[in-house]
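This report concerns charged side chains and the pairs they form. Please consult the sequence and structure shown here alongside the text.

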Amino acid sequence: MIRQLNVYEATQNRLKLIFDHFDYVYVSFSGGKDSGVLLNLCIDYIRKYAPNRKLGVFHMDYEAQYKYTTDYVRRMLDSNKDILEVFHCCVPFRVVTCTSMLQTYWRPWEENKRELWVRKQPENCFTEKDFDFFTDDQWDYDFQLSFAIWLKHYKKCRKICSLVGIRTQESFNRWRAIHSEKNINRLHNNRWTHRIDYNVFNAYPIYDWKTEDIWSANGKFGWDYNKLYDLFYQAGVPLAKQRVVSPFISEAIATLSAYRAIDPDTWGRLVSRVNGVNFAGIYGKTTAMGWRNIKCPEGFSWKEYMHFLLNTLPFSIRKNYLDKLNVSIKFWRERGGCLSEEVIEKLKKAGVDFTFGKTSGYHTEKRTVKMEYLDDIDIAEFREIPTYKRMCICILKNDHVCKYMGFTMNKLEKDLRNNVMEKYKYLIDG
C-alpha cells in the first residue's frame, strides 16, 4: 500500500520542482501566517538543498499595519539576510477602503500626505521612482502582477516564479484560483501553478494546507511567526478572522476596533489617515454598517431603498454602484448563474420566474439559471440569488468593489497585464 504524502512532504516536492525549473524564485511576503510559513519553508529548503542560491522576497508595505507585523517582517529579513534579496516596496498604489461612503480607495505612502503617515518609511525601500511601469491609477493587485514581469527584466533571468501563500481553505475565490478550468496555462499541468506572462509564473505550494497545518509547522520546526496572532487568540478573535491584511478592506472591518486595544499608537494615527476609520472601528460589527439583519424601511421596497441610498452619495460613487448593478443584471438576464438543484427547487416553490441557460463552461453539476433581479428572497442561499437587498448591503457596507455581489477586480488585472506585455514586447521578442 502506497502511503499518501502529508502536506509538508507534498510541499517539499513542489519546491524541488520550482527551484529546479526556474532560475529565479521569490516569495510574496505580507507578514501574515501563511506567507510566513511559506517563507520559512523556502529558507529551510535553500539552506538544505540549494546553499548557493538566493531567494527573493517581495514585500508590499501598506504603511498602516500593526507594529507587530512590522517587527516580524524586520526580524525575518534581518535574520536571513545572507540568502535573501529583499524588494521592500513602499508605493502609493490604490488600495480599496470600506470605511467610508465617500472614499473608495486610499494610497499608502502618498507623498503629499507625508505628515499623516502612520510611520516612517523604512530605509533602502523601493519607491514609485524605481518602477517605470507604475501609474497613479494602479491598484495594489495590479502592482503585484506587474512587479513579476518587471523583476524578470531587472534580474535578467530567463524564467521567474512568484511563490504566493494562498490556501483554498480561506475563501471560494482562492479555491477558484487553483481549480478553475480557465487556468489552462500551468507548469507541467500542475493546478497550483499559473502562467501570467512569458516564462513568468505564480505558484501556490501550500494551497492545500489547513489552518491547523500552519500552526503545527510553526510549533514543530520552531519557526518565527507574527506574535500578533497570539494577541488575536487572547482577545477571542476566531481563527477564521485572524488575518493580517490592509485594515480598511471589508474582511478587516469587523476586527478593526482591535487596533485600539492591541496597538493604540497605530490606532491614533489610523483615525486621521483614512476617512471613516473611527466610525468603522466603533460600528463595524453592527447594523450601522450593514452587516447583520438589516431591515427595509417601512413603505419602501428594497429597490426603492437602494435608489434612496444611492441618491445620498456623490455622483462618482453612485455611478460606480450603478455600473456594477447593470453588469450583474445583464449577466443574470442573458448568461445566467450556476445554481444547485436544491436552490432551483426553492425558486420554484417561491414562484420565481426563470429559464435554463446553456451548459456552464465550469466542471460543475449545477445548472445555469437565467432570471431577473428580485427584490428579496427568504432562503438560506440568499447570497446566490440576484436581489436588490444584496446591493443595499453593498452600499451600507461601503463595499465599493461589490464583493458581496460576487464581483472581483480581475478585469483591471487583465487590462494591466495587456498594457505591460505591450510595453515589454520588444524585450521579449529580442
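## Glutamate 381 and lysine 346

Glutamate 381 has a relative accessibility of 14% and therefore counts as buried, the limit for that class being under 20%. The model examined here is a predicted one.

The salt-bridge partner of glutamate 381 is lysine 346, with 3.0 Å between the closest N and O atoms. This pair links distant parts of the chain, 35 residues apart: glutamate 381 lies in the loop between β11 (367–370) and α15 (388–396), whereas lysine 346 belongs to helix α14 (residues 341–349). Lysine 346 has a relative accessible area of 26%, so this residue is classed as partly exposed.

## A network in helix α3

Lys67, Asp71 and Arg74 are joined into one network by salt bridges that share partners. Within this network, aspartate 71 pairs with arginine 74, and their closest N and O atoms are 3.2 Å apart. Both residues are located in helix α3 (residues 67–79), where a spacing of three residues corresponds to about one turn of the helix.

How accessible are the two partners? Aspartate 71 is partly exposed, at a relative accessible area of 23%; arginine 74 is also partly exposed, with a value of 43%.

## A buried pair: arginine 167 and aspartate 34

In total, the structure holds 18 salt bridges. One of them is formed by the side chains of arginine 167 and aspartate 34, at an N to O distance of 2.9 Å. Arginine 167 is placed in the loop between β6 (160–164) and α5 (172–179), and aspartate 34 in helix α2 (residues 33–49), so the salt bridge ties together parts that are 133 residues apart in sequence.

Are these two partners buried or exposed? Both arginine 167 and aspartate 34 are buried.

## The surroundings of arginine 14

Arginine 14 is part of helix α1 (residues 7–21). Its relative accessibility is 9%, and arginine 14 therefore counts as buried.

Which residues does arginine 14 contact, leaving aside its neighbours within four places in sequence? They are Trp192, Pro205, Tyr207 and Asp208. With aspartate 208, arginine 14 forms a side-chain polar contact of 2.8 Å. Arginine 14 and isoleucine 206 are separated by 192 residues in sequence, while their C-alpha atoms are 9.1 Å apart in space.

Conventions:
Residues are numbered from 1 along each chain as its sequence is written. This is a predicted model: local features need pLDDT of at least 70, side-chain atom pairs count only at pLDDT 80 or more; totals for chains, interfaces and linings use all residues. Side-chain values use heavy atoms; hydrogens and water are left out. Helices (H or I, at least four residues) and strands (E, at least two) are DSSP runs, numbered from the N terminus. Buried means under 20% relative accessible area, exposed over 50%, partly exposed in between (1.4 Å probe, protein chains only). Contact means heavy atoms within 4.5 Å. A polar contact is a pair of N or O atoms within 3.5 Å; within protein, one must be able to donate a hydrogen and the other to accept it, and residues adjacent in sequence count only if both atoms are side-chain atoms. A salt bridge is a side-chain nitrogen of Lys or Arg within 4 Å of a carboxyl oxygen of Asp or Glu.
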